[in-house]
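Open the structure in your viewer and keep the selection panel at hand. The stops below are meant to be followed in order.

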Amino acid sequence: MSQQQEEQKAIPLDKLTPQQLLQIKKQIEEEVQQLTQSLSQFRIANSKYEESKIILKKLDQTPKDNDLLVPITASLYVPGRLINPQSVMIDYGTGYFVERNTEQGSQFCDRKLQLLKESQDKLTNIINQKKQFMDKLNIELQKRVMQVQQIQQQMQQQKK
Amino acid sequence: MADQVQMLQSKIEDESKVLQTLQREMQKYVEGRQKLIEQSHENEMVKKELDLLEPEAKVYKLIASVLVQQTLQESKENVSKRLDFIGKEFKKVEDLIKENTNKQIAKKTSIQKMQEQLYQIVQAYQQSLNK
């Protein structure tokens, strides 16, 4: 459906003035930049969830009653003991937290990673479509430049 | 002729100011709409996750830096209610956006008409000078 829209935009391309083509090109370039930024944010979220999974695995291997330091503030730590390495608190969103074990926590991360992957794929698709459209625009702009050059050459020949 | 021109010009100015206010309003509506979409997404995700939980699962709600335990039932109901509320707010904003768009179109048309009138008056005056 969106490809058809792209084609519909492409048909009257040669009827647009070079300034209009340049304007559209700028617009699409900005859009592509913004979307690429969003894509990198996705990657950051991805790595955070992967990291959480690794930490969950490590927790599994940590023995009970292990000594640790608990951060109270950014610079104040308090000595403590690991009572239940199996139990983790998961932030579900909108202020809800759920107590789960490490296995369920890992599954939660997997589900989130799946969601992220789907969104990333959609986003990559859209970015590619826009880039293809920009290529078409560039081809059209080049045509115009060549046309102008041809006319200039003809005028020079006529003067001779 | 000069009176007519002045009157039209000041009317055009007034209508343009109203148009600007409408446009600023529209921006707020669009921002609000965007926020509602984000909230709706987040709550949908929480709802899906809560649906996967077994009934004995320990659910906590963050109430001003305190985690308070809730029953799964309570939490599900709460999230559903939030989603309903967001849905209603969304509809309200969409209606406001529609109304605003229509008002903007009407204003633009009336401004255009007045500008045409102005142009015609000035044209007629110039022609009468040329004779």
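The tour goes through the contact between the two chains, then the strands, then the annotated helical spans. Keep in mind throughout that this is a predicted model.

**Stop 1: the interface as a whole**

Colour chain A and chain B separately and select the residues of each that touch the other. You should have 15 residues of chain A in contact with 20 residues of chain B. About 1500 Å² is buried between chain A and chain B, and carbon and sulfur atoms give 61% of that area. Now pick out A:Tyr92, A:Thr94 and A:Tyr96: in chain A these lose the most area to chain B, and together they make up 41% of what that side buries.

**Stop 2: polar and charged pairs across the interface**

Between chain A and chain B there are 7 residue pairs in polar contact, with both residues at pLDDT 80 or more. The side of chain A that touches chain B draws at least two residues from each of strand S3 (87-93), strand S4 (96-101) and helix H3 (102-159) of chain A. By type, the residues on that side of chain A divide into 7 nonpolar, 4 polar and 4 charged.

The count of salt bridges between chain A and chain B is 3. To see a salt bridge between the chains, show the side chains of A:Glu99 and B:Lys58, where the N to O distance is 3.6 Å. For context, a search of the whole structure gives 16 salt bridges over all chains. The pair just selected runs from strand S4 of chain A, which holds A:Glu99, to strand S1 of chain B, which holds B:Lys58.

**Stop 3: strand pairing between the chains**

Switch to the backbone and select S4(A) together with strand S1 of chain B, residues 58-63. How do these strands run, parallel or antiparallel? S4(A) and S1 of chain B run antiparallel and are joined by 4 bridges. Two positions help with orientation: A:Phe97 stands opposite B:Tyr60, and A:Tyr96 has B:Lys61 as its bridge partner.

**Stop 4: the hairpin in chain A**

Add S3(A) to the selection. S3(A) and S4(A) are also antiparallel, with 6 bridges joining them. A:Ser87 has A:Asn101 as its bridge partner, and A:Met89 stands opposite A:Glu99, the residue whose side chain meets B:Lys58 in a salt bridge. At the turn, 2 residues lie between the strands, and A:Thr94 takes a positive phi near 45 degrees. A:Thr94 was also picked out at the interface, among the residues of chain A that lose the most area to chain B.

**Stop 5: the annotated spans**

Finally, select residues 116-158 of chain A, which an unreviewed UniProt entry lists as "coiled-coil region". In the model this span is 100% helix and 0% strand, and its end C-alpha atoms lie 63 Å apart.

Then select residues 5-39 of chain B, which the UniProt annotation "coiled-coil region" (unreviewed entry) covers. Here the end C-alpha atoms lie 51 Å apart, and the span is 100% helix and 0% strand.

How values were computed
Residues numbered from 1 in each chain as written. Chains lettered and ligands numbered in written order. Predicted model: local features only at pLDDT ≥ 70, side-chain atom pairs only at ≥ 80, totals over all residues. Heavy atoms only, no water. UniProt positions renumbered as here; feature names shortened; annotations may be inferred. Contact = heavy atoms within 4.5 Å. Buried area = accessible area lost by both parts, 1.4 Å probe. Salt bridge = Lys/Arg side-chain N within 4 Å of Asp/Glu carboxyl O. Polar contact = N/O pair within 3.5 Å; in protein donor to acceptor, adjacent residues only side chain to side chain. Nonpolar A, V, L, I, M, F, W, Y, C, P; charged D, E, K, R; others polar. Pairing = 2+ DSSP bridges.
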